[in-house]
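Here is a quick tour for anyone meeting this structure for the first time. Take a look at the sequence and the model, then read on.

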Amino acid sequence: MSVDRAEEVEGSKSVATAAAAAAAVHYYSVAPGYRLNVRRGPGTQYGIVRVLPEGAQVAIYCQTPGTSVAGPYGTSNIWDNIANGEFVSDAYVLTGSDGYVASRCG
């Protein structure tokens with residue numbers, strides 16, 4: 001096996017690993033009829049980064065406790081990390097669970 005062949009195999013593994021990670025991401029719907037504030041941290045005291053439009057879906061990369069919020073899916077202190085430095089209250093996201101559906105943010 002040549003060095004060129006070994007590099008090609010290693011590159012294929014990286015692509016396969018990235019594809020598997022992307023396939024593992026789950027998307028969840030924001031409550032119908034709501035525009036959802038995206039905040040810099042897990043609480044209402046953090047600044048708003050942007051606002052998600054009605055009908056948005058979000059990927060949840062990890063979850064963490066924060067400010068308790070009452071929303072259409074109950075009252076929850078769980079905050080969903082949807083991007084680097086961006087959090088939304090889980091009380092506005094249809095996850096099908098009252099608990100954690102993703103790993104805790106580290």
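## Starting at one glutamine

Let's begin with a close pair of partners: the side chains of Q63 and D80 are joined by a polar contact of 2.7 Å. Keep in mind that this is a predicted model. D80 isn't alone in this, as the side chain of Q63 also makes a polar contact of 3.4 Å with the side chain of D90.

Where does Q63 sit in the chain? You'll find Q63 in strand β5. Is Q63 buried or exposed? Q63 counts as buried because its relative accessibility is 0%, and the cut-off for buried is under 20%. Setting aside residues up to four places away in sequence, Q63 touches I78, W79, D80, D90, Y100, V101, A102, S103, R104 and C105.

Two of the residues on that list, Y100 and R104, have something going on between themselves. R104 lies over the face of Y100, 4.1 Å from the ring centre.

## The whole chain

Time to zoom out. The protein chain has one helix and eight strands. Reading from the N terminus, the order is α-β-β-β-β-β-β-β-β, so the helix leads and the strands follow.

The chain has 106 residues, and 31% of them count as buried. Its accessible surface comes to about 6400 Å², with 51% of that belonging to carbon and sulfur atoms. As for contacts with a separation of 6 or more, 46% are between residues 24 or more positions apart.

## One disulfide

How many disulfides does the structure hold? There is one. C62 and C105 form it, with their sulfur atoms 2.0 Å apart. The link of C62 and C105 is right-handed, with 95 degrees about the S-S bond. This pair ties together distant parts of the chain: C62 belongs to strand β5 (residues 62-71), C105 to the segment after β8, and the two are 43 residues apart.

The two cysteines differ in how covered they are. C62 counts as buried at 13% relative accessibility, whereas C105 is partly exposed, with a relative accessible area of 25%. C105 is also among the residues that Q63 touches.

## One aromatic pair

The count of aromatic pairs comes to one. Its members are Y34 and Y92, arranged edge-to-face, 5.3 Å centre to centre and with 75 degrees between the planes. Why does this pair count as edge-to-face? Because the planes are 75 degrees apart, and the label applies to angles over 60.

This pair also links distant parts of the chain: Y34 is in the loop between β1 (27-30) and β2 (36-39), Y92 is in the loop between β7 (86-89) and β8 (93-94), and 58 residues separate them. Y34 is partly exposed, with a relative accessible area of 34%. Y92 has 19% relative accessibility, so this residue counts as buried, given that the cut-off is under 20%.

## Three more buried residues

Here are three more spots worth a click, each in a strand of its own.

| Residue | Strand | Relative accessible area |
|---|---|---|
| E86 | β7 | 13% |
| L52 | β3 (residues 48-52) | 6% |
| V58 | β4 (residues 57-59) | 4% |

E86 has a polar partner: a contact of 2.7 Å joins its side chain to that of R50. Leaving aside neighbours within four places in sequence, E86 is in contact with V38, R39, V49, R50, D80 and N81. You've already met D80, whose side chain makes a polar contact with that of Q63.

Next up is L52. Neighbours within four places aside, L52 is in contact with V30, R35, L36, V38, V58, I82 and V88. The C-alpha atoms of L52 and N37 are separated by 6.4 Å, and these residues are 15 apart along the chain.

V58 returns the favour, as L52 is among the residues it touches. With residues up to four places away left out, the full list for V58 is H26, Y27, Y28, V30, L52, I82 and V93. Between the C-alpha atoms of V58 and L94 there are 9.9 Å, with 36 residues separating them along the chain.

Key: Residues are numbered from 1 along each chain as its sequence is written. This is a predicted model: local features need pLDDT of at least 70, side-chain atom pairs count only at pLDDT 80 or more; totals for chains, interfaces and linings use all residues. Side-chain values use heavy atoms; hydrogens and water are left out. Rings of Phe, Tyr and Trp (its six-membered ring) pair if their centres lie within 6.5 Å; planes under 30 degrees apart count as stacked, over 60 as edge-to-face and the rest as tilted. Buried means under 20% relative accessible area, exposed over 50%, partly exposed in between (1.4 Å probe, protein chains only). A charge sits over a ring if NZ of Lys or CZ of Arg is within 6 Å of the ring centre and within 35 degrees of the ring normal. A disulfide is a pair of cysteine sulfur atoms within 2.5 Å. A polar contact is a pair of N or O atoms within 3.5 Å; within protein, one must be able to donate a hydrogen and the other to accept it, and residues adjacent in sequence count only if both atoms are side-chain atoms. Contact means heavy atoms within 4.5 Å. Accessible areas come from the Shrake-Rupley method with a 1.4 Å probe; for residues, only the protein chains shown count as cover.
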